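Open the model in a viewer and keep the sequence panel visible. The tour below says what to select at each stop and what is found there.

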Amino acid sequence: MVGLATVFGAGGGTSSYEEVEHTDLILLWGSNARAAHPIFFHHVLKGIRAGARLIVVDPRRTESAAFADLWLGIDVGTDVALSNTIAREIIHADLHDTTFIARATDGFDAYAASVEPWTLDRGAAVTGVPASVIREVAHAYAKADRAMICWTLGITEHHNAVDNVLALINLGLLTGHVGRYGSGLNPLRGQNNVQGGGDMGAIPNKLTGFQDIERDHEARARFERAWGRPIMPRYGWHLTAMFEAMERGELTAVYCIGENPVSSEADATRARKLLENLDTLIVQDIFMTKTAEIADVVLPAANSAFESEGTVTNSERRVQRVRKALDPPGNARDDIWILAQLARRLGWDWGDVTAYDAWEEVRSLSPMHRGMSWRRLEELGGIQWPCPDEDHPGTQFLHARLWAEDPAERGPRAPFSVVVDEPPVDELTEEYPIRLTTGRRLDSYNTGVQTGAYTSPLRRPEAIELSPHDAAELGVVEGERVLVSSRRGEVVAPVHISAALRPGLAFMTMHFPDEVETNRLTIDATDPKSGTAEFKATAIRIDRLETAPGDGLARAGR
């Protein structure tokens, strides 16, 4: 959200799903949407059938790449280098939209100077993508009448995540592929309602509706009047900063709602130790997660998908109603009910708050949600923000203002960003020569809490996936258990040999922490702006295991 908010003022994808079906070129960058966003990928397939060209940028030859006209097997962590190289080629080929740049953007000269050193040959040397392929992508994207860039965690789970996003936004500004139907810049959110959580203010620097808690004095005053309490005009901590505060002893109590950081945080050994050392840990969840197991208090919550009323917001900014179908089991209660009960015990009686009541408060405080009445959400099947009043249909695509003839209507210019190529923090060395990247599979979700209890014909056990070349070099075979080590920890995992991987690249998921705790390996190097850890770039080594005679113990043979 940070990159889009920095350039455009709002952290939402600029386009709708429908537009993917009618665009001319789809650039999936750091996104295996076929496995991680299958509903969205159905729209991609409709676009392909309608004639759109699909280009996939990913270190692995993923399931999504199987449908692509071009696959760019980029080296992990070189996204800025590739974007800068594409940009230089577009500029040198005189394919940039000079009219749009002059009227709607700012900082082009500095940006053009910053990408000038990125020749095709230099870009190829750094990224591992052939110069001819980079050139083909640059020309195809710039020449397309309508083109969309879509990305997800392959871009954002890096120590320079925001710069990665800004590098992609630069390409949209350079070619005018933003603010028009069928052209846009779209993050595919990693979980259901991630967009909605940010919209509601579950980020440390914004109130509901992306209103800045420090800088927007009018908005802050509006919230203070509604809540009857002063709001400190100070940014809070994002998740990574919270763990740093735990380490310093400044954060001693945590209320964890719907999150499983014991399994999901990078460098899991450190994360667990910090959580265990808290004075108070409260967990509110629908399952007894690994985090709940070490909590002082566990509050059983209703499943918001079908045991609660409310709303969710998806990656195209569409707010949709959620309707209760079942009563929660046992002592489980709706999240809103639990929060209201806690408030009452803390001396603030909110009454019997319903999801409708909460939503009406959102509408009263967030201008971009003001026109989304409960009735309209029901009747229209959802509305895309911004929707400022009840006569407004919602906004299918954002930033059309940038194309307005009237400068006053165009509003603030969208700035180019000078971004610098920075390699992953966890360096490859002779001792740790293999790059581990992580991701998801179609049949499972995150740390497996919600999917691990049922079977799937697609599912196989967690494994360390290796290229055929690396498996041969290491002398390992399919199914053989090996020791996987990083600078932070080690795990034992079976080998799966995958033709989707190039030499020097390995792959694991985080779906099965009871089998293989992948996050014991990952590094908690984080982006200072977003707080996202670099899950996508860990340096590892792999050693065969040998059983010592008589003791049955597995030991590493180095």
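Select Asp-285 and then Pro-300: Pro-300, in β11, is the bridge partner of Asp-285. The model is predicted, so to speak of local features pLDDT of at least 70 is needed, and side-chain atom pairs count only at pLDDT 80 or more, while totals for chains, interfaces and linings use all residues. Residues are numbered from 1 along each chain as its sequence is written, and side-chain values use heavy atoms, with hydrogens and water left out.

Next, select residues 280–285, strand β10, which runs parallel to β11 and is joined to β11 by 4 bridges. Strands are DSSP runs (E, at least two residues), as helices are (H or I, at least four residues), both numbered from the N terminus; two strands pair if DSSP finds at least two bridges between them.

Add the rest of the sheet, which is open, has 3 strands in the order β9-β10-β11, and pairs them in parallel. β9 (253–257) and β11 (297–300) are the edge strands; each has a single partner strand, so one side of each lacks a neighbour in the sheet. From one strand to the next, the twist averages 10°.

Now show residues 335–345, helix α18, which packs on the sheet and touches β9, β10 and β11. Contact here means heavy atoms within 4.5 Å. The direction of α18 makes about 155° with that of β9; axes are lines fitted to C-alpha atoms, for helices over the stretch in contact, and angles run from 0 to 180 degrees between N-to-C directions.

Finally, go to Pro-468 in helix α22 (residues 468–474). Pro-468 and Cys-256 are 42 Å apart, C-alpha to C-alpha. Not counting residues up to four places away in sequence, Pro-468 touches Ile-497, Ser-498, Ala-499 and Leu-501.
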